[in-house]
Amino acid sequence: PQGALCRLTGRQATVMLLVLDGYSRKMIAAKLGISQETVGDHLKAIFRHFNVHSATELAAQFLRSKSH
């Protein structure tokens, strides 16, 4: 995902890093001053980009890539 991270928009990368740090949608929305719906839209785009269906899958994929 490192290279793929570069292909995300800046906001998507920020949202992804916050998710990987354990932030909830609500916490991300408050931190970034955006709606939870917008956070959800970013997450959908991130999940599509990495071909995963959840934050858990995203984290697992990210951790696997770090171990190689």
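Before anything else, a note to self: a helix here is a DSSP run of H or I at least four residues long, numbered from the N terminus. I'm also keeping in mind that this is a predicted model.

**Entry: Q12.** I looked up Q12 and found it in helix α2. Is Q12 buried or exposed? Its relative accessibility is 14%, so it counts as buried, the cut-off being under 20%. Then I checked what Q12 touches, skipping neighbours within four places in sequence: H42, A45 and I46.

**Entry: the rest of α2.** Helix α2 covers residues 10-20, and its buried residues are Q12, A13, V15, M16, L18 and V19. Just after α2 I noticed G22, which has a positive phi of about 95 degrees.

**Entry: H42.** Next I followed the contact from Q12 over to H42. H42 sits in helix α4, residues 36-50. With a relative accessible area of 16%, H42 is buried too. Which residues does H42 contact, leaving out those within four places in sequence? I got R11, Q12, V15 and I34.

**Entry: I46.** I46 was also on the Q12 list, so I looked it up as well. Not counting residues up to four places away in sequence, I46 touches Q12, V15, M16 and L58.

**Entry: the core.** Last, I pulled up the largest nonpolar core, which has 16 residues. Which of them touch the most other members? They are V15, M16, L43, I46, F50 and L58. Two or more residues of this core come from each of α2, α3 (25-32), α4 and α5 (55-66). I jotted down that V15 and M16 had already come up among the buried residues of α2.

How values were computed:
Residues numbered from 1 in each chain as written. Predicted model: local features only at pLDDT ≥ 70, side-chain atom pairs only at ≥ 80, totals over all residues. Heavy atoms only, no water. Buried < 20%, exposed > 50% of the residue type's maximum accessible area, 1.4 Å probe, protein only. Contact = heavy atoms within 4.5 Å. Core = buried A, V, L, I, M, F, W, Y, C linked by side-chain atoms within 4.5 Å.
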